[in-house]
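Subject: A structure for you to explore

Hello,

Here is the structure I promised to pass on to you. Have a look at it first, and then read my notes below with the picture open.

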Amino acid sequence: MPEVVITCDWTMMSNHHGKEFLGFGTTTPAYILPEGVYKRLFFPDMPVDENGFPRQAPYGMRKIEASLMDAGFDARIVHPSHLDRYMPGQAKLLLISGHDYFGLNPPSSTFGGVMKKETLNCVNFKRMLTQPAVVEARKRGLKIIAGGPCAWQLAPATRFKLPWIQEFVDSFGGIDSVVEGEADLFVKDIVGKALRDEFLPPHIVLGAKEAPKVEQISSIRFPSVNGLVEIGRGCCRGCSFCSVTTRPTRWYPLDKIEEELKVNAKINVRKGILHSDDVLFYGSPNIMPHEEKLIPLLQLAKRYYQQVGWSHVAIATLMTKPKILSKCAEVLIDDKQDWWGVEVGVETGSPRMITAAMPGKVAPFKASQWPELVVQAAGLMNDNHVFPACTFIVGLPQETEDDVQRTIDLIDDLWEFKAILVPMFFVPLGHLQSKDWFRRDRLSPLQQELLKRALTHGLRQSKRMLNDFFDWEGHNTKLVRGAFRGFIGFIELLAGMHGLTSEPTRPGRPIVDPTRTPDRLPVPTIPVRE
Ligand code: SF4
């Protein structure tokens with residue numbers, strides 16, 4: 001039985017009905033309806049075995065678990081409802097992880113800020129750490145180390161700026177160490193020190209130098225949530241607001257990926273997600289997709305999963321080789337799969353903002369081409385059965401009213417785009433971490449209009465996508481689809497009552513594949529230096 005327990009809160013320890021995108025629902029507050037309704041809709045409980053070990057767990061935590069097990073530690077991921085089996089008493093060390101401990105990351109900060117309430121992920125994280133079993137174990141000497149993508153939220157500097165976080169940390173007896181960055185190697189070191197009762201540094205930031213090489217990264221031993229497997233790490237585009245860009249780019253060989261696909265397929269996971277910060281880049285040494293690497297990857301994934309989704313794709317990558325998407329569709333779309341999802345960072349409709357904050361995002365195109373590239377990519381995606389979630393950033397430090405208007409114009413152009421547009425308040429990360437958070441009280445009337453336009457687009461397109469989205473065969477499909485139809489209708493009603501909807505003042509552009517439609521602008525082709 002483990003002496004090192006790894007866990008997270010209930011919003012993360014869920015497969016979100018097999019739809020990773022529904023995880024976004026945990027970044028909202030429980031608004032009007034009781035929390036139990038949101039739990040059923042967005043984060044139903046993950047089944048566990050007789051030891052309280054979850055059937056699937058978040059991928060990043062599986063990587064840490066595998067690193068520790070490979071190094072000979074007695075470590076396991078435990079479901080947050082079963083921590084009391086191991087503490088107080090048996091467990092000596094608790095490792096905690098999260099995407100957004102306190103709802104400070106986008107989009108939680110947007111939803112929580114607008115509704116002026118704590119988001120579900122924050123409420124559940126606090127609940128997890130203040131369970132009597134954890135508090136009692138802490139009193140008896142349990143050590144706690146925090147990590148994960150939002151570790152910065154527990155770092156001393158954040159606690160200094162946001163005293164309510166420090167108060168919370170004090171309420172359960174404190175945190176011994178906070179580790180930011182890729183900890184595949186470092187975790188063995190710090191866990192060893194913790195178990196030997198040696199001094200633990202209160203805050204560690206692991207940078208590019210400490211990033212593990214591919215061969216040093218352990219393969220997961222147990223299944224990951226929604227069959228997610230990593231195909232590589234890092235991104236070379238250098239957007240100023242993003243922390244991913246500070247990591248070196250590495251691609252996993254196919255045999256390493258296959259090892260993890262097998263782990264998931266073994267328990268009959270038949271739908272999975274390929275994860276990287278740009279899946280189209282797989283195996284590429286530059287910023288062009290490499291078909292000869294990408295297509296075999298998709299074929300491999302399809303051998304194990306009936307349905308394959310992607311985590312992220314960059315618009316500029318897609319537009320450098322627009323025809324590659326139909327080749328991907330030839331592999332992925334079949335009688336078991338009608339569509340696939342992916343997250344796409346649009347961020348702005350303003351070429352000026354592209355130049356100011358994210359010049360690499362548009363490479364190898366020009367910033368002035370950005371809005372047109374987005375519309376053309378939208379056409380490509382929808383015509384090839386890709387229904388993405390597109391993020392927009394509101395309140396970047398350099399943003400002007402003209403930039404906001406251009407983003408609204410772009411949303412109007414995308415009115416027929418079968419996608420969810422997710423506006424997010426700026427959060428100081430990456431190279432902009434010294435800047436201030438964007439908050440609700442700073443919203444200009446035009447920025448409010450942008451939020452309303454995105455919400456109206458989202459409600460309209462969500463209704464269109466419901467049947468695609470809940471496409472699995474199962475006794476509860478109709479029930480779940482009906483519940484979500486009711487939920488969307490409820491939000492629509494509330495939004496209408498509070499004047500939160502907004503329609504475009506001009507018709508949207510037809511969203512069609514530019515490579516098949518001669519009357520649209522030609523797709524720019526700009527050579528990339530090898
Ligand atoms: S393209 Fe995406 S992952 Fe890459 S640096 Fe920009 S925001 Fe980060």
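Before we start, one term: two strands are said to pair if DSSP finds at least two bridges between them. Strand S13 (residues 343–347) and strand S14 meet that, as they pair in the parallel sense over four bridges. Please keep in mind throughout that this is a predicted model.

**The whole chain**

Let's begin with the overall picture. The protein chain has 17 helices and 15 strands. Its C-alpha trace spans about 70 × 50 × 50 Å along the principal axes. Is that what a compact globule would give, or something else? For 530 residues, a compact globule would have a radius of gyration near 24 Å, and the chain has 22 Å, which agrees. Buried residues account for 47% of the 530 residues. If you take the contacts between residues at least 6 apart in sequence, 82% of them join residues at least 24 apart.

**Two domains**

The domain assignment gives domain 1 (4–210) and domain 2 (228–497). Their C-alpha centres lie 25 Å apart. Where they touch, 20 residues come from domain 1 and 25 residues from domain 2. On the domain 1 side, helix H3 (residues 108–115) gives the largest share, with four residues. That side divides into nine nonpolar, seven polar and four charged residues.

**A sheet of four strands**

Now find the open sheet whose four strands come in the order S12-S13-S14-S15, with parallel pairing. Which strands stand at the edges? They are S12 (312–313) and S15 (420–425): each has a single partner strand, so one side of each is left without a neighbour in the sheet.

You can follow the pairing residue by residue. Between S13 and S14, the bridge partner of Glu343 is Ala389 in S14. Further along the sheet, six bridges join S14 (residues 389–394) to S15, and these two strands run parallel. Three pairs are good to look up on screen:

- Cys390 has Leu421 in S15 as its bridge partner.
- Thr391 stands opposite Val422 in S15.
- Val394 stands opposite Phe425 in S15.

Are the residues of S15 covered or not? This strand is mostly covered, with six of its six residues buried. Here a general point helps: in a regular strand the side chains alternate between the two faces of the sheet. In S15, Ile420, Val422 and Met424 are on one side, while Leu421, Pro423 and Phe425 are on the other, and all are buried.

**Strands S10 and S11**

Another parallel pair is made by strand S10 (residues 271–275) and S11, over four bridges. In this pair, Gly272 stands opposite Val308 in S11. S11 also has residues pointing both ways: Gln307 and Gly309 point one way, Val308 and Trp310 the other, and all are buried.

**One face of helix H12**

S11 turns up again when you look at helix H12 (residues 324–332). The buried residues of H12 are Ile324, Leu325, Cys328 and Leu332. Seen down the helix axis, these buried residues fall within an arc of 100 degrees, so they line one face of H12. The reason such spacing works is general: an α-helix has 3.6 residues a turn, so residues three or four places apart point the same way. What do the buried residues of H12 pack against? Their partners are helix H10 (291–304), strand S11 (307–310), helix H11 (315–320) and helix H14 (370–383).

**Ile411, a residue to click on**

Finally, try Ile411, which sits in helix H15 (residues 401–413). Is Ile411 buried or exposed? A residue is buried if 20 or more other C-beta atoms lie within 10 Å of its own. Ile411 has 25 C-beta neighbours inside 10 Å, so it counts as buried. Leaving aside neighbours within four places in sequence, Ile411 is in contact with Leu421, Arg453, Ala454 and His457. Of these, Leu421 is one you have met already, as the bridge partner of Cys390. Ile411 and Leu421 are 10 residues apart in sequence, and their C-alpha atoms are 8.3 Å apart in space.

Enjoy exploring, and send me any questions.

Best wishes

How values were computed
Residues are numbered from 1 along each chain as its sequence is written. This is a predicted model: local features need pLDDT of at least 70, side-chain atom pairs count only at pLDDT 80 or more; totals for chains, interfaces and linings use all residues. A residue is buried if 20 or more other C-beta atoms lie within 10 Å of its own, exposed if 12 or fewer, and partly exposed in between; C-beta atoms are placed from the backbone. Two residues are in contact if their C-beta atoms, placed from the backbone, lie within 7 Å. The arc is that of the directions from the helix axis to the C-beta atoms. The radius of gyration is taken over C-alpha atoms; the globule rule is 2.2 Å times the number of residues to the power 0.38. Domain bounds come from an automatic or database domain assignment. Ala, Val, Leu, Ile, Met, Phe, Trp, Tyr, Cys and Pro count as nonpolar, Asp, Glu, Lys and Arg as charged, and the others, Gly among them, as polar.
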